[in-house]
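Trainee: Could we go through this structure together? I'd like to hear the reasoning behind the labels.

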Amino acid sequence: MNASATSSRVAVVTGGSAGIGLSICEHLLADGYEVVSLARRPSPLEHARLHNVEVDLTDRAATQQAVAEVTSRFEVTTVVHNAGVIRPALLPEVKLDDLDALVDLHLGCAIQLVQAALPAMRSRGFGRVVLLSSRAAL
């Protein structure tokens, strides 16, 4: 059975294995959501409605594969893009590979997730997209 048949509210949370993302997963589960955590590590939470997909979201191809897996199993109507990292460097020391990874994580991943969720959102006439950033590292 398709997991979306068991729950009308399905949320994908990036970075759901720690910090703010973990707290978001806890709250969504408490509110009755089916929750898919996309993160480099599995969530420490154990819950029947929590599904872990381990993925490096700075890797565009790996992200696409994970997103395809999730949207083939669930009708996602809520996307919470919380995952984030910083690679601090002054302009003379910025590495373009680091810049590419940050753009893929912070922007590319958000676009990939929302594009993949749009068909379910449109068919249900409902959708939510939440994009977060944090200055906690400072």
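Mentor: Sure, and let's begin with a term: a polar contact is a pair of N or O atoms within 3.5 Å, where one must be able to donate a hydrogen and the other to accept it. Keep in mind that this is a predicted model.

Trainee: What makes the pair Ser-43 and Leu-45 a polar contact?

Mentor: A polar atom of the Ser-43 side chain lies 3.1 Å from the backbone nitrogen of Leu-45. The cut-off is 3.5 Å, so this pair is within it.

Trainee: Where does Ser-43 lie, and which residues does it touch?

Mentor: You'll find Ser-43 in the loop between β2 and β3 (50-54). Leaving out residues up to four places away in sequence, Ser-43 touches Gly-16, Ser-17, Leu-22, Leu-50 and Asn-52.

Trainee: Why is Ser-43 called buried?

Mentor: Its relative accessible area is 8%. Buried means under 20%, so Ser-43 counts as buried.

Trainee: What about Cys-25 and Cys-109: how do you know that they form no disulfide?

Mentor: A disulfide needs two cysteine sulfur atoms within 2.5 Å. The sulfur of Cys-109 is 14 Å from the closest cysteine sulfur, in Cys-25, so that is too far for a bond. The structure holds zero disulfides.

Trainee: Are those cysteines buried or exposed?

Mentor: Cys-25 is at 0% relative accessibility, so it counts as buried. Cys-109 is also at 0%, so Cys-109 is buried too.

Trainee: What makes a group of residues a nonpolar core?

Mentor: The residues must be buried, come from a set list of types such as Val, Leu and Cys, and be joined through side-chain atoms within 4.5 Å. The largest one here has 20 residues, and Leu-38, Val-70 and Val-76 have the most contacts inside it. β1 (10-14), β2 (34-39), α2 (60-73) and α3 (96-124) each supply at least two of its residues. With six residues, α3 gives the most.

Trainee: Which residues is Val-70 in contact with?

Mentor: Setting aside neighbours within four places in sequence, Val-70 is in contact with Val-12, Val-36, Leu-38, Val-53 and Val-76. There's also a second, separate core of ten residues, including Cys-25, Leu-28, Val-35 and Leu-50.

Trainee: Last one: what makes Arg-9 sit over the ring of Tyr-33?

Mentor: Arg-9 lies over the face of Tyr-33, at 4.5 Å from the ring centre. The distance limit is 6 Å, so Arg-9 is within it. As for aromatic pairs, the structure holds zero.

How values were computed:
Residues numbered from 1 in each chain as written. Predicted model: local features only at pLDDT ≥ 70, side-chain atom pairs only at ≥ 80, totals over all residues. Heavy atoms only, no water. Buried < 20%, exposed > 50% of the residue type's maximum accessible area, 1.4 Å probe, protein only. Phe/Tyr/Trp six-rings, centres within 6.5 Å; stacked < 30°, edge-to-face > 60°. Lys NZ or Arg CZ within 6 Å of the ring centre and 35° of its normal. Helix = DSSP H or I, 4+ residues; strand = E, 2+ residues; numbered from the N terminus. Contact = heavy atoms within 4.5 Å.
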